[in-house]
Amino acid sequence: MPAMEDLRLRYYLDELMPVAIAEQLNQRGIDTITVRDLRLQGYPDAHHLQLADELDRVLCTVDDDYFDLITNGAAHSGIVFGSRKDRREIGIWVRFLEWMHQTYMREDMRNRVEYLRIVQE
């Protein structure tokens, strides 16, 4: 039986996501990579979605083009969507992804979509 840590979420941040989110998650011991880490900037969204799936990582993005891919049946290891205007809310993203990491296991996120929606008062 795999160790609990082997079942926890790992993240893949696409190129529209601030690198600071990955840095802070990694500092908290949450395995997170970015498109920049892999030097895959400019690759198509379908490539990122497939690679995140192959690596068993939840894709984090503010790019709604991924909706087209998943509505056409693309399998994935989970996606967290946020809005483009909220992508600079690094602390909120980090807390949300940390909460998800503590709450869900990898199998829970298979083909699941979560949304980070920041409500401003």
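**Exercise 1. Work out which way the side chains of strand S3 point, and find the partners of this strand.**

Step 1. Start with the directions: in strand S3 (residues 58–61), Val58 and Cys60 point one way, Leu59 and Thr61 point the other way, and all are buried. Buried here means under 20% relative accessible area, exposed means over 50%, and partly exposed is in between (1.4 Å probe, protein chains only). Strands (E, at least two residues) and helices (H or I, at least four) are DSSP runs, numbered from the N terminus.

Step 2. Compare that with the general rule: in a regular strand, side chains alternate between the two faces of the sheet.

A quick word on what you're looking at: this is a predicted model, where local features need pLDDT of at least 70, side-chain atom pairs count only at pLDDT 80 or more, and totals for chains, interfaces and linings use all residues. Residues are numbered from 1 along each chain as its sequence is written, and side-chain values use heavy atoms, with hydrogens and water left out.

Step 3. Now look for partners. Strand S1 (residues 11–13) runs parallel to S3, joined by three bridges, and Tyr12 has Leu59 as its bridge partner. Three bridges also link S3 to strand S4 (residues 79–82), again in parallel, with Leu59 opposite Ile79. Two strands pair if DSSP finds at least two bridges between them.

Step 4. Follow the chain onward: S3, helix H5 (residues 65–71) and S4 form a right-handed β-α-β unit.

**Exercise 2. Check the length of helix H6 and find its buried face.**

Step 1. H6 (residues 90–103) has 14 residues, so at 1.5 Å a residue it should span 20 Å, and its end C-alpha atoms are indeed 20 Å apart. The expected span is 1.5 Å times one less than the number of residues.

Step 2. List the buried residues of H6: Trp93, Val94, Phe96, Leu97, Met100 and His101. Looking down the axis of H6, you'd see them fall within an arc of 165°, so they line one face of the helix. The arc is that of the directions from the helix axis to the C-beta atoms.

Step 3. Turn to the face pointing away from that buried side, and you'll find the exposed residues Arg95 and Gln102.

**Exercise 3. Do the same for helix H2, and say what covers it.**

Step 1. H2 (residues 19–27) has Ile21, Ala22 and Leu25 buried. Down the axis of H2, these fall within an arc of 95°, so they line one face.

Step 2. The cover over these buried residues includes S1, strand S2 (32–34) and H6.

Step 3. Check what comes after the helix: H2 is followed by Gly29, with a positive phi near 85°.

**Exercise 4. Describe the surroundings of Thr61.**

Step 1. Thr61 sits in strand S3 and is buried, with a relative accessible area of 0%.

Step 2. Its side chain makes a polar contact of 2.4 Å with the side chain of Asp14. A polar contact is a pair of N or O atoms within 3.5 Å; within protein, one must be able to donate a hydrogen and the other to accept it, and residues adjacent in sequence count only if both atoms are side-chain atoms.

Step 3. Leaving aside neighbours within four places in sequence, the contacts of Thr61 (heavy atoms within 4.5 Å) include Asp14, Met17, Tyr66 and Trp93.

How values were computed: A crossover is right-handed if, with the strands pointing away from the viewer, the path from the first strand over the helix to the second runs clockwise.
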